[in-house]
Structures are given as structure tokens and as C-alpha cells.
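Biologist: Please take me through this structure step by step, as it is new to me and I would like to follow the reasoning behind each answer.

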Amino acid sequence: MSGMVEKRGVGTWLTHAGLIFGIAVICFPIWIAFVASTVTQDDLIRPPMPLLPGPHLLENYLEALLTGGVAPVWQMLLNSLVMALGITIGKIIISLLSAYAIVYFKFRFRMLFFWLIFMTLMLPVEVRIVPTYEVVASLGLLNSYTGLILPLIASATATFLFRQLFMTIPDELTEAARVDGAGPVRFFIDILLPMSRTNIAALFVILFIYGWNQYLWPLLVTTDPSMNTVVMGIKQMLPTGDQTVEWPVIMATAMLAMLPPVLVVIGMQKLFVKGLVESEK
Amino acid sequence: MEKRVVFDNRWLPYLLVAPQLLVTFVFFFWPAGQAIYQSAFIPDPFGLKTQFVGFGNFEYLFGNRYYRESFLTTAVFSVLVTVSAMSFALWLAVLADRVIKGSSAYRTLLIWPYAVAPAIAGVLWLFMFNPFTGIIAWMLSQMGYVWNHNLDGGQAMALVVAASAWKQISYNFLFFLAGLQAIPKSVIEAAAIDGASFWRRFWTIVFPLLSPTTFFLLVVNIIYAFFDTFGVIHTITKGGPEQSTTILVYKVFSDGFVGQDLGSSAAQSVVLLLLVGILTVVQFRFIERRVHY
């Protein structure tokens, strides 16, 4: 952008300096965690800790992955992946279907159903944890992927998003499809789904991060260490009295726990921003 | 808005909404109903039967000093998190908006903390501020300031605020930047021609034009501080020392699961439910945008 408000000279440098300072503040905790994951426990327990990486990266990460704390981290990462994908795919599928029904069909209780789904916006899992836990326990779903995933997949936001998207799709397309003899199922698969592709992808990015970062729910539902997810499992590694896990291993675990969602954000930045902005509407 | 062209089918639409409705009923309405129901009862000491107490749990709750203090803690915590995360993000967004070259690199470097889980953010900050070995705790001690958030409630609050705000900066930054870029450059140029300085232009033109974004982020950040920061609190302070960082969501958890006080926890759930309801209405009425999944 050029013109009257173009910045010159000292101002430009101050701007860059300010941004670099901001980035330094934001990146500092991660840098410290990274450095801590490459040194030994001895380097860390006598402050100050080093500020540059040491030579023990491989052994710390291997110890985290293979031994970890109460469960090896590879197992927790796998559980996180299953949970994140389960929540993401589950939410997208049930929301696509219900939005399709609400937009493209006239049926009894249509608006009632719509409002029932809408109301779930007001009930984040943190608010109803004890009774939800009891429901899941009484269904025998503790320590299972189903118990981890199902209570988190109802989503009014995704349903809204798809509803809004479907509303913008011209009626002529539907008419043309009907003239060609396509039924509702054909229309959904051949026309609606391909047209929603980028929106689904953008939502996928956001929901994956949401699913991966779940903490409270896995904390309650997975009492068996082999079902722990990495984001909640790292808590069990933190020093509390009878500490056995060393800080470098904990920090290696923290880095591993951050890596998948961070890669998703950086690698799919366009989709991520699109998903973020759209899901706020 | 309605579709002009719709499909006719007797059972298909019900089949399509069934999965979503089923999940919603089993995991949303049934538990919420249970919370409301349980909030009117207290279990006997052996958990064998329950006694109806009406609004007794609520009376007990609001008569409880710790619960009332938890409200205050939540308010202080939310205001601090919201103000610090938003002001730092706005400052960065204003700078990034001024940059012509390399702005996408800056953006990339600033947005990724969004992907860090609150609980992991808690672990990172806990590590830096560990009273015995943490790098920042050490730096502070070199300056003659003793850091121990396990003993000092004020320090504990500062730490959970910092960790929570840190994670939320990227989100606010993205929306502020988008808001800034949507402001017509001609307006700002006109003011510049009139000789208004950068800060004068900012406070008299840019900031007022940015207010829809600001209001939207205000609600989003409050909701974030209320509910999504559980992981930060649980990893860093567990609500302590002496409940100084026990926000409402943490109290539902600690009373319900750690303290096994189901009646009180259910009553707290109902109170939170009302709070979320109010926040949601505020959000829809004034901002018409929405965050939670």
C-alpha cells in the first residue's frame, strides 16, 4: 500500500523492531522448552539453564516416545490422533447430514430440531462435566475411544456453517438435478459435497486442533494410562513428590504434543484462517 | 430464509438429523437435565439415597465464602486475561498492518501459538517459573525478587493469567489484523493530509472503526477465560494456593470429582449454565458471532 500514509525511515525500523520483540516474547516459552528437551536433567536443576540447545535431543525424545511416564508417549500420541480425527470427522459428518436435512427438506419438527441443536452452543463440556461423566460411565464407555469422542462431536457451530453454505447454493442447481432425475442422496453426493469441499477442509483444520487439544474430558474418561491422550498425559509426568520423570523428557513430550496441531496451522495457513473466521460467524 | 426447492421424502430427513439429535440428547440434554435435577438434592453420607432440598444447594452455595470468592477470582482472572491478551495483540496487529514487506512471515510467526493446547501452555509457563529451577524465577531472584507461586497467591494469579493470555494473543492478532486491513485507506490518508499524527489517527479514526472487532473479541476472550483455561489452571496451580486461582469452572471440577460433593457441583453447573446462556445471548444480540463448538 503506497500513498500518504506510507511509512518511512525511523518509523519502519521501529515497526520491525516492535514486531520482532513481540515474536520473541511469544516464541520464548517454546524456545526454552525446546532447549530443555535437548539437555540433561543436571543442566536444568542447577539454574540458570542453558539458552542454546544441547546434544541430547535424540535420547530425550526416544526416552519420551518409548518410555514416557505412566505410558509411552507414542501411545498417547496415537490416542490423541484417534480422538482428534474421531471428533473432527464425526462432527463434520453429523453436521453435514443434519444441515442438509434442515435446509433441503420440509418436515415436521424441523425448526424444533434446529433449535435443539442450536441450544448445545450454550453447554460447553466444562459446564456439564459431572453429569456427562455419569452418563458416559453408566453406558460403560470409560476408557474407550467411543467415550472420548462421542460426547464431543455434537456441534451446533458446524451445523450452522453448513446451513449457511447450503443456503448460498443456487436453487437452479437443485432444480437442474431434479430434472435430470437425481434424488436427494445423489444430489448430496454429486453436487453438494464437491461444492462444500474447501469449507469442509477449513473446518477440518479448526476441529482437528480443537480435538487434539482437549484436556478436561480425557482427564476424566481415561483412568487407564494406555488410553491417555498426550495433552492430558503430560500432566501425570509433572513432578509431584515421588517424581520419576525428568524435565528434559517432559519437555520433549510437550514439544511432541504441540507438533501436530502447530504443523497443521503453519502448513495449512490459508485454510486455517478461513476456518477460524468462518466458524465465528 | 427458506429454500424454494426442497426434496420430498417421508423418512429421509429424520434419518439425516437422527445422529446429531441422538448425540445431543444423550450427551447434552440428558446431562444438563441431570445437573438441574441433582442440584435440588443432597445425597446421604453413604450415597444410598438422596434427599430433596429444593434450592438448598444454591442457598448453601451462595452462603459459602469460597464460592463467592471464586466469583471474584473468576472476574479478576477474566479481566486480566482479556485486557492483556487483547492489548498486546492489538499492538502487534497495528505494527503488522504498517509493514509492507514480510508481513506474511510475521503473521506466520505470530499465529501458531493458537495451536498450543492450554494445558501445554501451562506446562511451558510452569517450567519457566518453577521456583527452584525455572529460568525466569532464577532471573527474578537475581534481581532480588523471590518467586514462588506455590506460596504467593498474587504470583500464582499472575502466572496463570500470563500463560492463558499468551495462548490467546494469536487469535486476537488475526482478527485485529483483519479488522485493520478492512478499514478504507482513503479515510486514514485524508486524516494524514490534514496533518494528524499516527497516534492521533489511531485513536480518533482507526480505533473507533475497529470497535465491532473489539467487541466481538471481548466476548470471545471472556468465554475463553471462563471455560477454556481449565487446562492452564489445572497444570500450573490446581486452583491454589488457598483457592487464589480457583475459577468457577475449576471449582465445579474440584468439588464434583475431587470433593465428591455432587449436589453442590450440580448446583454450580446450573449457575455456570445460566452464565453461559447470558454470555451467548449477549454475543448473539450485540455481536451475532459465535465461538464454541
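Biologist: Is B:K238 buried, partly exposed or exposed?

Modeller: This is a predicted model, in which local features need a pLDDT of at least 70 and side-chain atom pairs count only at pLDDT 80 or more, whereas totals for chains, interfaces and linings use all residues. Residues are numbered from 1 along each chain as its sequence is written, while chains are lettered from A and ligands numbered from 1 in the order in which they are written. A residue counts as buried if 20 or more other C-beta atoms, placed from the backbone, lie within 10 Å of its own, as exposed if 12 or fewer do, and as partly exposed in between. B:K238 has 16 other C-beta atoms within 10 Å, and therefore it is partly exposed.

Biologist: Where in chain B does B:K238 lie, and what is its phi?

Modeller: B:K238 belongs to the loop between α11 (230-236) and α12 (248-258) of chain B, where helices are DSSP runs of H or I with at least four residues, strands are runs of E with at least two, and both are numbered from the N terminus. Most residues other than glycine have a negative phi. For B:K238, a residue other than glycine, phi is positive, at a value near 50°.

Biologist: Which residue in the loop between α6 and α7 (145-149) of chain A has a place of interest here?

Modeller: The residue in question is partly exposed, because 15 other C-beta atoms lie within 10 Å. Its phi is near 55°, a positive value in a residue other than glycine. The residue found in that loop is A:N143.

Biologist: How confident is the predictor in chain B, on average?

Modeller: The score to look at is pLDDT, the predictor's confidence in each residue, from 0 to 100. In chain B, 94% of the residues score at least 70, and the average pLDDT is 85.

Biologist: Over which residues of chain B is the pLDDT below 50?

Modeller: The stretch in question has 18 contacts in the model beyond near neighbours in sequence, a contact being a pair of residues whose C-beta atoms, placed from the backbone, lie within 7 Å. The pLDDT falls below 50 over residues 289-293.

Biologist: Is B:T280 buried or exposed?

Modeller: B:T280 sits in helix α13 (residues 262-287) of chain B, and its C-alpha atom is separated by 8.9 Å from that of B:V219, 61 residues apart along the chain. With 20 other C-beta atoms within 10 Å, B:T280 is therefore buried.

Biologist: How many residues of chain A are in contact with chain B?

Modeller: For the complex, the predictor gives an ipTM of 0.88 and a pTM of 0.88. On the partner's side, 87 residues of chain B take part, and the number for chain A is 87.

Biologist: Which helix of chain A gives the most to that side?

Modeller: By class, the side of chain A that touches chain B has 62 nonpolar, 15 polar and 10 charged residues; Ala, Val, Leu, Ile, Met, Phe, Trp, Tyr, Cys and Pro count as nonpolar, Asp, Glu, Lys and Arg as charged, and the others, Gly among them, as polar. With 12 residues, spanning no further than its range of residues 9-36, the helix that gives the most is α1.

Biologist: How do helix α6 (residues 129-138) of chain A and helix α1 (residues 12-38) of chain B pack, and at what angle?

Modeller: Axes are lines fitted to C-alpha atoms, for helices over the stretch in contact, and angles run from 0 to 180 degrees between N-to-C directions. Among the residues that meet are A:P131 and A:V135 in α6(A) and B:F27 and B:W30 in α1(B). The axes of these two helices are 8 Å apart, and the angle is about 120°.

Biologist: What does that angle make α6(A) relative to α1(B)?

Modeller: Angles under 35 degrees count as roughly parallel, over 145 as roughly antiparallel, 65 to 115 as roughly perpendicular and the rest as oblique. The angle between the two helices is about 120°, and therefore α6(A) is to α1(B) oblique.

Biologist: What is the handedness of the crossing of α11(A) and α14(A)?

Modeller: Helix α11 (residues 197-212) and helix α14 (residues 247-267) of chain A pack at about 165°, with axes 10 Å apart, and are therefore roughly antiparallel. Their contact has eight nonpolar, no polar and no charged residues. A crossing is left-handed if the near helix is turned anticlockwise from the far one by less than a right angle, and right-handed if clockwise. The crossing of α11(A) and α14(A) is left-handed.

Terms used: Contact = placed C-beta atoms within 7 Å.
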